[in-house]
Amino acid sequence: MEAITAVRGTNDLVYAQAARMLALENTLRGIAHKYGYEEIRTPVFEHTELFTRGIGEDTDIVSKEMFTFQDRGERSLTLRPEGTASMVRAFVEHHLFAERGINKIFYTGAMYRAERPQKGRYREFHQFGVEVIGSPSPLVDAEIILFNLDVFKTLGLSGLTLTINSVGCPKCNPAYLAALRETFKNDLPSLCETCRTRYDKNVLRMLDCKVESCQPILAKAPAFSDHLCDECKPHFETVKQELANAGIQFTVNPRLVRGLDYYTKTAFEISANMLGAQNAVCGGGRYDNLIGVFNNGKSFPAMGSAFGLERILLALGDAETKNTIDVFVVAFKETADKLMPTLSMLRAAGRSANADYNVSSIKSQLKTADKLGAKYTLILGPEEAAAGECMLRNMTDKTEKRVKIADAAGMIV
Ligand code: AMP
């Protein structure tokens with residue numbers, strides 16, 4: 001029989017790898033709290049319509065990458081490919097607008113996209129995202145970008161490039177889309193099939209195309225900044241000014257549109273130069289009209305961003321991480337009855353403790369203690385144990401002391 005393995009494009013995080021992911025999530029949580037974000041947790045599957053209406057039918061995500069299935073009641077459900085649509089649904093469903101003027105939300109969890117797996121691109125991956133709902137201010141856009149950079153600074157990750165753009169709003173969009181159509185009208189025969197379809201259906205999405213032969217043609221795209229209206233232009237200027245005031249270097253890429261239809265005004269991406277092809281470590285943008293789609297047309301201005309956690313871990317490199325425990329309890333056959341009470345006593349005192357329940361040879365138990373990264377071993381020798389005592393060995397400096405079992409927990413530092 002063939003062995004059952006993990007599904008293509010998914011990863012098991014074993015021991016130290018899981019610990020690295022948890023540490024990263026905890027760091028992100030800590031920084032998010034500093035900026036005033038609070039967590040919302042939502043289910044990993046949603047009604048498919050949430051994503052088709054929210055992200056846009058013509059996007060790569062919705063048209064090619066969703067894991068969609070029918071439940072037993074023949075409802076169409078989809079494993080979430082991103083987090084913003086769910087946050088918006090929760091925001092509307094729980095009337096969070098009634099609770100406070102500006103909602104600052106963070107989320108973390110697994111996302112699912114049926115992409116072609118390669119290093120840094122998976123079918124199940126993890127994002128940590130933030131959303132600020134309720135303010136049209138460009139200061140919010142700048143703060144989200146600064147938050148993202150703060151995270152990388154805290155993690156000690158350098159070699160990053162910040163790229164920004166403004167994709168306008170429904171007021172200035174039509175003129176830009178017309179300019180795009182005009183630019184590419186004679187190029188259609190040379191463009192890929194997806195570009196040709198998008199030319200008619202959703203011309204902005206053409207700028208998302210990754211096909212090599214389309215790139216020289218798409219490079220002719222006019223800059224959005226030349227078409228911004230009198231609301232979007234000063235908004236973009238303020239975002240750039242705030243970043244400059246904070247001493248941040250950035251590049252304006254007039255073709256940066258990002259793969260979701262809901263963006264308005266600011267869009268940005270941060271890439272880690274050392275990652276090669278899949279180098280985007282986070283990205284985001286403003287979505288002033290998305291909430292209206294789910295709230296009977298009444299929208300709330302909003303902006304958000306998301307980090308790709310696997311890519312951040314890749315960029316940080318394979319730093320040697322080893323899980324540790326405070327104490328490993330070594331028992332002899334004669335003292336096996338003391339094993340469980342000793343473990344319980346240590347844990348009740350707040351120490352992490354483990355043991356070899358098979359009570360193998362002392363040599364083998366000490367080897368296991370080493371493998372588990374035990375800081376101390378507590379050895380229940382028959383003679384010591386009879387007197388309510390044990391040997392406490394410091395595994396770092398290899399010193400040993402005979403102490404009362406009851407006092408051992410307090411001697412572990
Ligand atoms: P997006 O939701 O497409 O804006 O992506 C935000 C971030 O999630 C990206 O910058 C990546 O770091 C990460 N990401 C997106 N898709 C994948 C994937 N298939 N595998 C791993 N990370 C991903």
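**Entry 1: the ligand**

I began with the ligand in this predicted model, and I noted that a backbone N or O atom of G308 lies 3.4 Å from one of the ligand's oxygen atoms. I then looked up how much of the ligand is covered, and found that it exposes 490 Å² when taken alone, of which the protein buries 91%.

I went on to other polar atoms beside the ligand and wrote down Q127, which has a polar side-chain atom 3.0 Å from an oxygen atom of the ligand. For V281 I recorded a polar backbone atom, 3.4 Å from a ligand oxygen atom.

Next I asked myself which residues come nearest to the ligand. The shell around the ligand holds 14 residues, and those that come nearest are R113, E115, Y122, R258 and A280. Sorting the shell by character, I listed 6 nonpolar, 3 polar and 5 charged residues.

I also checked which strands contribute to this shell, and I found that β6 (124–133), β10 (280–286) and β11 (302–308) each supply at least two of its residues. The largest share belongs to β10, which gives 3 residues.

**Entry 2: the sheet of β2, β4 and β3**

I turned to an open sheet of 3 strands, whose order I wrote down as β2-β4-β3 and whose pairing is antiparallel. Its edge strands are β2 (45–47) and β3 (68–70), each of which pairs on one side only. Ignoring direction, I noted that neighbouring strands here are turned by 35° against each other on average.

Looking at one pair in detail, I saw that β2 and β4 (residues 76–79) run antiparallel and are joined by 3 bridges. I looked up the bridge partner of H47 in β4, and that partner is L77. I then followed helix α2 (residues 48–55), which packs on the sheet and touches β2, β3 and β4, while its direction makes about 75° with that of β2.

**Entry 3: the sheet of β12 to β16**

My last search concerned an open sheet of 5 strands, in the order β13-β12-β14-β15-β16 and with mixed pairing. Why is one side of β13 and of β16 left without a neighbour in the sheet? I could answer this from their place at the edges: β13 (353–355) and β16 (400–404) each have a single partner strand, so one side of each has no neighbour there. On average, and again with direction ignored, neighbouring strands of this sheet are turned by 30° against each other.

Within this sheet I examined strand β14 (residues 374–380) and strand β15 (residues 389–394), which pair in the antiparallel sense over 4 bridges. Here I marked L378, which stands opposite L392 in β15.

I closed with the helices that lie across these strands. Helix α12 (residues 339–348) lies across β12 (325–331), β13 and β14, and I noted that it runs at about 160° to β13. Helix α13 (residues 362–371) lies across β12, β14 and β15, and for this helix I wrote down an angle of about 170° to β12.

How values were computed. Residues numbered from 1 in each chain as written. Predicted model: local features only at pLDDT ≥ 70, side-chain atom pairs only at ≥ 80, totals over all residues. Heavy atoms only, no water. Near = heavy atom within 4 Å. Polar contact = N/O pair within 3.5 Å; in protein donor to acceptor, adjacent residues only side chain to side chain. Areas by Shrake-Rupley, 256 points an atom, 1.4 Å probe, with all protein chains shown as cover. Nonpolar A, V, L, I, M, F, W, Y, C, P; charged D, E, K, R; others polar. Pairing = 2+ DSSP bridges. Axes fitted to C-alpha atoms, helices over the stretch in contact; angles between N-to-C directions. Contact = heavy atoms within 4.5 Å.
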